[in-house]
Amino acid sequence: MALLLQAHALLGLLLLALVPLLALLGLLGFFRPLPSRFYAALRLAAWVAIGQVALGFLLFFQGLRPKDGLHLLYGLLLAAGLHYLGGLEPGAWFYRGLKDPPKRPEVYVAVGLLFAVGLVLRVYLTGR
């Protein structure tokens, strides 16, 4: 269980560094389209968050509980939000599935990443 806890903490620190960096780079989306490498990095961050949520629930079912139960909700929201933001790349799964896709999805990605920064901070602070 100690190894799972260390992996969960390491992924959390990685997200704590990666999400604000992506948000800063995503602000460029207000001015020009974001490159496909940005969306690849965003999808990587989403998979890191999904992995961390899976580890977190495994720890939860083994009896290790966070101090605040909202930690679980914030983690789920962060993972889902990053997953959907990564799918907003033109031609990606979520973008194609929209009835009326936005002409400038990078603006939504930039705003969504600013929200994700708040979520990653809340996840980190409620899990300690």
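Let me begin with Arg104, which counts as partly exposed, its relative accessibility being 35%, and which forms a salt bridge with Glu106, where the closest N and O atoms are 2.7 Å apart. Please keep in mind throughout that what we are looking at is a predicted model. The partner, Glu106, is buried, with a relative accessible area of 5%, so this salt bridge joins a partly exposed arginine to a buried glutamate.

How many salt bridges does the structure hold? There are 2 of them, and alongside the one between Arg104 and Glu106 there is the one that Glu89 forms with Arg43, with the closest N and O atoms 2.9 Å apart. Glu89 sits in the loop between helix H3 (70–86) and helix H4 (93–97), whereas Arg43 belongs to helix H2, so this pair ties together parts that are 46 residues apart in sequence. As for accessibility, Glu89 counts as buried at 15%, while Arg43, at 30%, counts as partly exposed. In general terms, side chains of opposite charge can pair when their charged atoms come close.

I turn now to the aromatic residues. A pair of aromatic rings is described by the distance of the centres and the angle of the planes, and the structure holds 7 such aromatic pairs. One of them is formed by Phe38 and Tyr39, which lie edge-to-face, at 5.8 Å from centre to centre and with 85° between the planes. Are these two residues buried or exposed? Phe38 is buried, having a relative accessible area of 7%, and Tyr39 is buried as well, with a value of 1%. The pair of Phe60 and Phe61 is also edge-to-face, because the planes of the rings stand at 75°, with the centres 5.6 Å apart. Here the accessibilities read otherwise, since Phe60 is partly exposed, with a relative accessible area of 23%, and Phe61, at 65%, counts as exposed. Phe60 and Phe61 also belong to a cluster, in which ring pairs link them with Phe57.

Staying with nonpolar side chains, I would like to point out a patch on the surface, formed by Leu21, Leu25, Leu28, Phe30, Phe31 and Val111, which together have about 580 Å² of accessible area. Among these residues, Leu28 is placed in the loop between helix H1 (2–26) and helix H2 (36–61), and with a relative accessibility of 37% Leu28 counts as partly exposed.

Finally, let me come to Thr126, which has its place in helix H5 (residues 105–127) and which counts as buried, at 6% relative accessibility. What does the side chain of Thr126 meet through its polar atoms? A polar contact of 3.4 Å joins the side chain of Thr126 to that of His71, and a polar atom of the Thr126 side chain also lies 2.8 Å from the backbone oxygen of Arg122. If we leave aside the neighbours within four places in sequence, Thr126 is in contact with Pro66, Lys67, Asp68, Leu70, His71 and Tyr74, so that His71 appears both in this list and as the partner in the side-chain polar contact.

To close, I would ask you to look again at two places in the predicted model: the salt bridge between Glu89 and Arg43, which ties together parts 46 residues apart in sequence, and the buried Thr126 with its side-chain contact to His71.

Terms used:
Residues are numbered from 1 along each chain as its sequence is written. This is a predicted model: local features need pLDDT of at least 70, side-chain atom pairs count only at pLDDT 80 or more; totals for chains, interfaces and linings use all residues. Side-chain values use heavy atoms; hydrogens and water are left out. Helices (H or I, at least four residues) and strands (E, at least two) are DSSP runs, numbered from the N terminus. Buried means under 20% relative accessible area, exposed over 50%, partly exposed in between (1.4 Å probe, protein chains only). A polar contact is a pair of N or O atoms within 3.5 Å; within protein, one must be able to donate a hydrogen and the other to accept it, and residues adjacent in sequence count only if both atoms are side-chain atoms. Contact means heavy atoms within 4.5 Å. Patches are made of residues with over 30% relative accessible area and no salt bridge: like charges are joined within 9 Å, nonpolar side chains (Val, Leu, Ile, Met, Phe, Trp, Tyr) within 5 Å. Accessible areas come from the Shrake-Rupley method with a 1.4 Å probe; for residues, only the protein chains shown count as cover. A salt bridge is a side-chain nitrogen of Lys or Arg within 4 Å of a carboxyl oxygen of Asp or Glu. Rings of Phe, Tyr and Trp (its six-membered ring) pair if their centres lie within 6.5 Å; planes under 30 degrees apart count as stacked, over 60 as edge-to-face and the rest as tilted.
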